[in-house]
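Me: Could you take a close look at one part of this model for me, the charged side chains that pair up, and tell me how they sit in the fold?

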Amino acid sequence: MIMAGREGRLLLTEDSDFGELIFKRHFRPLAPGVVFIRMPIGRRSERLEKLREAIQSYGTRLIGNYLVVGEIRTRVRVLPAA
């Protein structure tokens with residue numbers, strides 16, 4: 001997480017508790033944006049395709065946002081201010 005912030009990269013996570021840390025406990029990640037993959041682990045090729053689609057669709061709007069990539073839909077929330 002620190003490296004992502006230092007290098008200005010998005011943080012990619014599969015940790016379902018990360019959203020709670022950010023939105024309920026007001027933890028501000030150092031990364032400029034967070035992408036949470038919310039899909040079963042066994043469907044690797046489908047997960048990668050959904051992730052590619054989300055990155056192409058949202059592009060620079062990923063910065064400053066928390067993106068949830070799911071099986072059915074993808075949604076975005078603005079990260080809380082520092």
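Reply: Glu49 is partly exposed, at a relative accessible area of 39%, in this predicted model. Its partner is Arg52: the two side chains form a salt bridge, 3.5 Å from N to O. Arg52 is also partly exposed, with 46% relative accessibility. Both residues belong to helix 3, three residues apart, so about one turn of the helix.

That helix is a good place to keep looking. Arg47 sits in helix 3 too, and its salt-bridge partner Glu14 lies in the loop between strand 1 and helix 2 (18-23), 33 residues away, so this pair links distant parts of the chain. The N to O distance for Glu14 and Arg47 is 1.7 Å. Here the two ends part ways on exposure: Arg47 has 9% relative accessibility and counts as buried, because the cut-off for that is under 20%. Glu14 is partly exposed at 47%.

A search of the whole structure turns up three salt bridges. The one still to mention joins Glu20 and Arg25, again at 3.5 Å, N to O. Glu20 is partly exposed, with a relative accessible area of 35%, while Arg25 reaches 57% and counts as exposed.

Now for the sheet behind all this. There are four strands in an open sheet, ordered 1-2-3-4 with mixed pairing. Strand 1 (11-13) and strand 4 (74-78) are the edges; each has a single partner strand, so one side of each has no neighbour in the sheet. From one strand to the next, the twist averages 15°. Strand 1 runs parallel to strand 2 (residues 34-38), and three bridges hold that pairing. Within it, Leu12 is opposite Val35 of strand 2. Helix 3 (residues 44-58), home to Arg47, Glu49 and Arg52, packs on this sheet and touches strand 1, strand 2, strand 3 (65-70) and strand 4. The helix direction makes about 145° with that of strand 3.

Zooming out, the protein has three helices and four strands, and along the sequence they follow α-β-α-β-α-β-β. The radius of gyration is 12 Å, close to the 12 Å from the globule rule for 82 residues, so the protein is as compact as a globular protein of that length. Of those 82 residues, 33% count as buried, and Arg47 is one of the buried ones.

How values were computed
Residues are numbered from 1 along each chain as its sequence is written. This is a predicted model: local features need pLDDT of at least 70, side-chain atom pairs count only at pLDDT 80 or more; totals for chains, interfaces and linings use all residues. Side-chain values use heavy atoms; hydrogens and water are left out. Two strands pair if DSSP finds at least two bridges between them. Helices (H or I, at least four residues) and strands (E, at least two) are DSSP runs, numbered from the N terminus. Axes are lines fitted to C-alpha atoms, for helices over the stretch in contact, and angles run from 0 to 180 degrees between N-to-C directions. Contact means heavy atoms within 4.5 Å. The radius of gyration is taken over C-alpha atoms; the globule rule is 2.2 Å times the number of residues to the power 0.38. Buried means under 20% relative accessible area, exposed over 50%, partly exposed in between (1.4 Å probe, protein chains only). A salt bridge is a side-chain nitrogen of Lys or Arg within 4 Å of a carboxyl oxygen of Asp or Glu.
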